[in-house]
Amino acid sequence: MKRLATCVLLFGVAITCAVTIGASTQSSNGSYFAELHWRLVGPHRAGRIWWVTGVPGDPAVYYAGTPAGALWKSTSGGTTWRSISDDLPVTGIGAVAVAASDSRVVYVGTGSNTIGRGVYRSNDAGESWQQAGLTDTKFITGLLVDPRNPDVVIAGVGAGGNFGSMVYYNNNPSSARGVHRTTDGGRTWVHTLFVNDTTSVVDLAVDPATPDVVYASLSSGLFRSSDGGQTWSPLTTTGLPATGVTIAVAPGTNARRVYAIGGGRGGGGLFRSDDAGATFTLITSRLSTAGGHLYVDPQNPDVVYTMGTSVYRSVDGGRTLEAIKGAPGGDDPHSMWIDPTNPRRMVMGADQGPAITLDAGSTWTPWYTMPNGEFYFVSTDQQFPYRIYAAQQDSGTVSILSRSDFGAIRPNDWYPISGYEQGHIFADPLNPRYVYSHGGGHVIVRFDRITGQSGPVFTPAADDRFGPRPGMDMSSKDPRWMFVGSQFVYASDDRVTWNRISPDLTARSDRPANGTIVALVASPRDVNVLWAGTSNGLVHLTQDAGKTWTNVSPPRLSADSTLVLWSMEASSHDAGVAYAASIDLSDRHGPALFMTSDFGVTWNEIVNGLPPDVPTRVVREDPRQASLLYAATQHGVFVSFDRGRAWEPLQLDLPPAAVNDLTVHGDDLIAATWGRALWALDNVTPLRQVAAVRADSAPVFLFEPAPAVRVRWDNNQDTPLPPEVPQGQNPPDGIAIDYYLRGAVSGPVTLSIHDGSGALVREYDNVAPPPDTRMPSVSAFWFKPPVTTSTAAGMHRLVWDLRYPTPPALAFGADGTEADTVSFGIIATAVIGESPKQQPVGSLVLPGTYQVTLTAGGRTVTRSLTVTNDPRSEASPADLEEQFRHERALALGLETSRTAIEAVQGLRQSARRVAAGRASVSEAVAAFERAALAVISSLAGNRGLAGQLAKLEFADLRPTSSAVAAVTRLCARADTSLDQYRQFIAADVAAVNVALASAGLAGIPAPTAPPATACGPR
C-alpha cells in the first residue's frame, strides 16, 4: 500500500507525519475530516533507548533506536533529535549499525517490543530506506557490518522483549532464529547458524581489527566463526556456568580475549577468556546491578564497560567495577557505542533516553530532548486549561498542560506526580488540589499540588493480589466514589475508608487462581453500575453498588486463554452499554473488541474494518455522540461512526506507534502512545457531524463550529525560547472553522465573520496576499504563513484567531519611503512558525455570538459561533468592553493614518507623472513634494498608537486612568496630523494644481476628506 509522510522540524524535534498502516483502507468518510491534525503535547522527557551508535570521528552524528518508538538521529551532538524511520512499517528497533567503510550506509534490524519485519538499509545516512531482507524474522537482536565492505552483514535473530502483555509481541518458535549473513547488502541471506526454532541469538561480538573472527552467544551456548560468519563451531567452554550470556571482544588481542556476563545470583559474574573462548575465568562476582551488555574500550583491552541500573567501568581487566553514570532509582542503560577514533567519546542509551559524553564519562548530555516516552493510561482534569495525566514506563508520571499561556508547552508546563508505570491517575473533581494514582507496592497515593507531598490513602491487605496494571476508576456520576481492584473490588466515598464490595472476581475452575482485576469502570449514567474485568478473561457486573455481582463475560474472552483484557469502557449514553478491548497474544494476534448493549447478557465483536493482524487496546465512546467510537491499537487510532459496525483509520498525521489509551476531553481526543509521548487531536467536531455532511447533498457544507474560548495564546514578554529547546505544541491560536466542498470550486471561496450587529469582523478568501518582501530582523522560520481558504474538493479547516484584522504599519522614512525591514521589540509574540510578521495584531473580539458565513460556488451557508471569555479572567463584561473600545480606537487611528499616507503617496505619484519633463512647473512640484513629505512624516509619527495597542492587548484588564490618558494623548496627536493632512489638501494640492493649470496640464484630483477624528468618536 502506498504510504505518505511529511516531516516538520518543530522546537528541535522532527514531528513526522504518520502513514496509513495495515490492510484496512480509509473509506470515503475520511474526506470529511482530512484536515484534522494531531499535535504533539509532549513531554520531551525521553524514554527507553534500546540501541545506540555513532559515526567514528564525527562528534555531531548519533543514532538511537527505541523498542517501540522508531529510530532517531541527531546531527547536533545530541542537542536535538528527529525520527528518521516513520516511513517504515514497524516501530520497534532491535539493532542499528553504521558501516565503518561508508558512514552513509546504515542498517536497522527491526523488532523489539513489537514484531519486526527484517532488516532495512539506508544509503543516505537515514534519509531514505530500502527493505534488506529477512522479512520473516520477528526480532533482530544484533547486527555486525564488515568494516571492509558495507554489503557484508551478519544478523542475529532472537526473541522480543516486553513487560507482560503491555504491548503485543510473539515469541513463539521460529525457524528464522539463529545467525544470517549477506554479502550483497541484504538482497540475499544465508542462514549460517541454526540450532533449533527456540534457540535465540542473544549477542554478537567482533573485533573490527580481526573481522573474520566472530562470536555469537545463543540462548544455548557460545559459538565462534573464523571465516566472517560463514561457518560456526560451538565452544565447549569451561568455567562459564551459564548460557545466554552477553559478550564482548577486546580489541588488540587478536580476538582472543573475550568478556562475558551471566549466571545470575550465586555463581554468576563477569568472566574473561584469554584463549578465544576455550576457557573462562570468573574475574569478579561483585557486579551490583552490572548485568547487562558489555563493551570494551577500542584502544585498551583492560577498560570494560557494562550496563545495569548504571554504567559501570573497569580499568583493570574486569577485576573491579565502578559506576560512572546513573542515579538513585536507576537510569537502566541498555547499550553503548564508543568511538574507535576517540574512546573518550561515547553515547549511551538508557530507559531515560540517550546521553553523550566527550570526556570519558565525566559529563553527559541531558535526556530531556526527545518525545519518545512510553505511556499507559491517560486522563484529564476539569481545569482550564485542562491538564493531561499519564504514567510513563521507566520514568514516572506526567501532569502536563494541554495548552500553555505562552504559545507552546514549555519544559516548565509539566511536572511529575506520584504513581507507577502501568497505573491509572485521576485528578479529584471535588478538589483540584489533589491527584490520586496507583503507586509502587499497589498503594493508592494522593499527590498534593500545593505542597508537592504524596502519601498513601489505600494500602493493600495481606491477601490482596495485584497485577502490574490494576483496575482503578473514579465515578463521574458521583465523584465521591473511587474504586480499585485486586482480586476484590474496593470502594471509598471519602478517600480514606475502603471497603471490599465484591467476592474474588477472578475465581474460575478451569484456570489457575492467580488472576487480578485489570479494568474497573463506573457507569457515567448510573451510580450503582460498575463493570470489572480480570486478567484471566472474566467480566463481572454489579447493578446495585456491589451488593451482588453477575458473571457477564464475553464468551470468546472467557474461553480463549490467549486473549488478555486490556481495558473496558462504560457508555455515557446508556447504562447497559459497555465495551471491552483485549490483546491477542496468539499467532492470530488480531483485533478483539467486544460490545454489549444489554448489561452483558450478549456481546458482539466489533472489529470490521480493523487490520486483521493488529492487536487492540482500547475502545472509547464519544461523550456527545453515542454512535462515534475511537479505538486504540498496536498500529494507531481508528474511528467508527456506527458504534463499531465498521472502522476506518484516524491516523492522519499521528506518528506510527502503538496507542495504549485514548480519552475525550470536551472537543479534544487525547492519545497515549507507546514510544511517541502524548498527542491531542484538537476539535473533533467534524467527526460528530460526518452523518450530517453525508446526508446533505449541497455542494458546500459548513460544519457547526465548536464554542470558542477567548484566550490570549502567547503572553510571553521575555526573550522566547530558542528552537533548540524542545517544546510541545499549543492548540491552534483561535477556533477552527471547518467546511466541505463536494467538488473543486472555480470561483472565490470566502469565509466572513460578523458580530451581533451584523458588522464585518474578519474575512478570508482564497487569494494569496502579495508576498511580504520586507527583510525581518529575525530568522524567517518564526513567521506564520498567510491564512487563506481552499477551493479544492474535500474538507478544509481554517483557524480564525478571534481577532480583528492586524492594523497597518506606519514605518516610513524621511524621504517618504516605506521601510523595507521589520524589527521586533520586547513585546512580540514569538513561537516557531506561528509568529505574526506584522505586530501588534488586531484586537480580540468580545464574548458573544457571531455569524460565520461561507460563500462558495454561488452558495452561501451561515452558522452561529459562540465566544466565551477565559474562565480564569476576573475582568467583567464592562471591563472588556472598555478595553476593546480603546483598542479599536488605537487600531482605527493606525488605519486612518495609513490611509492618509497612502493618499498622499498617490498624490505625489500623480504630480510627478503629470509634470514629467516640464521645467516650468518643477519648482511648484518640488514645493508640493516638500509639503507632502512633511505630512507623511507627521502621519507616520502616529506609530506610537501601535506601541500602546500592544501594551493594552496583553491582558484582560480595564484600562487605567494613565492608560486612558496615553490613548487620549496619542489620538489627539493623530488628530493634529490629520489636520495637517486637511491643510495639505486644501492649500498644497490647490497650489500645485494652479501651477499645473498655468502650464496647460491637467490637475491632480483631491482625495476624499479624512474623518473628523483619527480614532473615531471618543
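The exercises below, each with a worked solution, concern a predicted model.

**Exercise 1. Helix 6 and helix 7**

Determine how the axes of helix 6 and helix 7 are oriented to each other, and state which residues make the contact.

*Solution.*

Step 1. Locate the two elements: helix 6 covers residues 944–953 and helix 7 covers residues 961–998.

Step 2. Consider the axes, which come within 10 Å and cross at roughly 155 degrees.

Step 3. Angles over 145 degrees count as roughly antiparallel. Helix 6 and helix 7 are therefore roughly antiparallel to each other.

Step 4. Note the handedness: the crossing in which helix 6 passes helix 7 is left-handed.

Step 5. List the residues in contact. Helix 6 contributes Gly944, Leu945, Gln948 and Leu952, while helix 7 contributes Ala963, Ala966, Val967, Leu970, Cys971 and Ala974.

Step 6. Sort these residues by class: eight are nonpolar, two are polar and none is charged.

**Exercise 2. The surroundings of helix 6**

Decide whether helix 6 is largely enclosed by the rest of the structure, and name elements that cover its buried residues.

*Solution.*

Step 1. Identify the buried residues of helix 6, which are Leu945, Ala946, Gln948, Leu949, Ala950, Leu952 and Glu953.

Step 2. Compare with the length of the helix. Seven of the 10 residues of helix 6 are buried, so this helix is largely enclosed by the rest of the structure.

Step 3. Name the cover: it includes helix 4 and helix 7.

**Exercise 3. Helix 4 and helix 7**

Describe how helix 4 packs against helix 7, and classify the residues of their contact.

*Solution.*

Step 1. Helix 4 spans residues 877–915. Its axis lies 10 Å from that of helix 7, at an angle of about 15 degrees.

Step 2. An angle under 35 degrees counts as roughly parallel, so helix 4 is roughly parallel to helix 7.

Step 3. The crossing of these two helices is left-handed.

Step 4. On the side of helix 4, the contact residues include His886, Leu890, Thr896 and Ala900. They meet residues of helix 7, among them Val964, Val967, Leu978 and Tyr981.

Step 5. The contact of helix 4 with helix 7 holds 14 nonpolar residues, two polar ones and no charged ones.

**Exercise 4. Arg257 in its loop**

Establish whether Arg257 is buried or exposed, and find the polar contacts of its side chain.

*Solution.*

Step 1. Arg257 lies in the loop between strand 20 (246–249) and strand 21 (258–262).

Step 2. The relative accessibility of Arg257 is 13%, and this residue therefore counts as buried, the cut-off being under 20%.

Step 3. The side chain of Arg257 makes a polar contact of 3.1 Å with the side chain of Tyr259, and one of 3.0 Å with the side chain of Asp274.

Step 4. Beyond its neighbours within four places in sequence, Arg257 also touches residues including Ala248, Arg272, Pro301 and Asp302.

**Exercise 5. Asn29 and its partners**

State where Asn29 is placed and which side chain makes a polar contact with its own.

*Solution.*

Step 1. Asn29 belongs to the loop between strand 2 (13–16) and strand 3 (38–42).

Step 2. With a relative accessible area of 8%, Asn29 is buried.

Step 3. Its side chain makes a polar contact of 2.9 Å with the side chain of Arg694.

Step 4. Not counting residues up to four places away in sequence, Asn29 touches Phe641, Glu648, Val690 and Arg694.

Definitions and conventions. Residues numbered from 1 in each chain as written. Predicted model: local features only at pLDDT ≥ 70, side-chain atom pairs only at ≥ 80, totals over all residues. Heavy atoms only, no water. Axes fitted to C-alpha atoms, helices over the stretch in contact; angles between N-to-C directions. Helix = DSSP H or I, 4+ residues; strand = E, 2+ residues; numbered from the N terminus. Parallel < 35°, antiparallel > 145°, perpendicular 65-115°, else oblique. Left-handed = near helix turned anticlockwise from the far one by under 90°. Contact = heavy atoms within 4.5 Å. Nonpolar A, V, L, I, M, F, W, Y, C, P; charged D, E, K, R; others polar. Buried < 20%, exposed > 50% of the residue type's maximum accessible area, 1.4 Å probe, protein only. Polar contact = N/O pair within 3.5 Å; in protein donor to acceptor, adjacent residues only side chain to side chain.
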